[in-house]
Amino acid sequence: MFRSLIISFRTVAQISQPSSRAFHSRISRRRAGGARDVLPLQSVVKVFTESTSPNYFLPWQNKSQVEKTGRGFAIGGKRLLTNAHVVADSSYVMVRRHGSPAKYTAKVEVVGHECDIAMLSVEDDAFWSGVAPLSTGEIPHL
């Protein structure tokens, strides 16, 4: 158990300094013994998409382009999980890690509209440095 929870934020001057842990060490839990645990924010990403829906009344035309944003999280294996309605009909998908200004191109791997879940992949290794995938629990017995 945590006896004390200290959330520490680096100042803007500290973040702008070159560091191997530029932003992923900004938020952490500190145990009573001084050890730090990673908060789930290192797994959270913001998803940016540009999409064009089909026009069913004029099938030779598309509707105007729309920009959408949503949230997702890292699940391991260079994959992210997000909502399907965020990436539906998307022509371009980018992701940004929590606390980072850099955006990375993502590819939609699988979309499940029935359950509103989509899986994305990011090939850039710079995106994955310091990302801690969320661990899932066991599947309940049904």
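What follows is a short walk through the fold of this protein chain, taken from a predicted model.

Start with the overall parts list. The protein chain has 3 helices and 9 strands. Read from the N terminus, the elements come in the order α-β-β-β-β-β-α-β-β-β-β-α. So much for the layout along the chain; the next point is how the strands come together.

Strands of a sheet pair through backbone hydrogen bonds, either parallel or antiparallel. Here, an open sheet of 7 strands turns up, and the pairing in this sheet is antiparallel. Going across the sheet, the strand order is β7-β6-β3-β4-β5-β9-β8. The edges are taken by β7, residues 103–105, and β8, residues 107–112, each of which pairs on one side only. From one strand to the next, the twist averages 35 degrees.

One pairing within the sheet is worth a look up close. Strand β4 covers residues 66–76 and strand β5 covers residues 79–82. The two run antiparallel and are joined by 4 bridges. Across this pair, A74 stands opposite L80 in β5.

Now for the chain as a whole. Of the contacts in the protein chain with a separation of 6 or more, 54% are between residues 24 or more positions apart. As for burial, 28% of the 142 residues in the protein chain are buried. The accessible surface adds up to about 9700 Å², and carbon and sulfur atoms account for 55% of that surface.

Key
Residues numbered from 1 in each chain as written. Predicted model: local features only at pLDDT ≥ 70, side-chain atom pairs only at ≥ 80, totals over all residues. Heavy atoms only, no water. Buried < 20%, exposed > 50% of the residue type's maximum accessible area, 1.4 Å probe, protein only. Contact = heavy atoms within 4.5 Å. Areas by Shrake-Rupley, 256 points an atom, 1.4 Å probe, with all protein chains shown as cover. Pairing = 2+ DSSP bridges. Axes fitted to C-alpha atoms, helices over the stretch in contact; angles between N-to-C directions.
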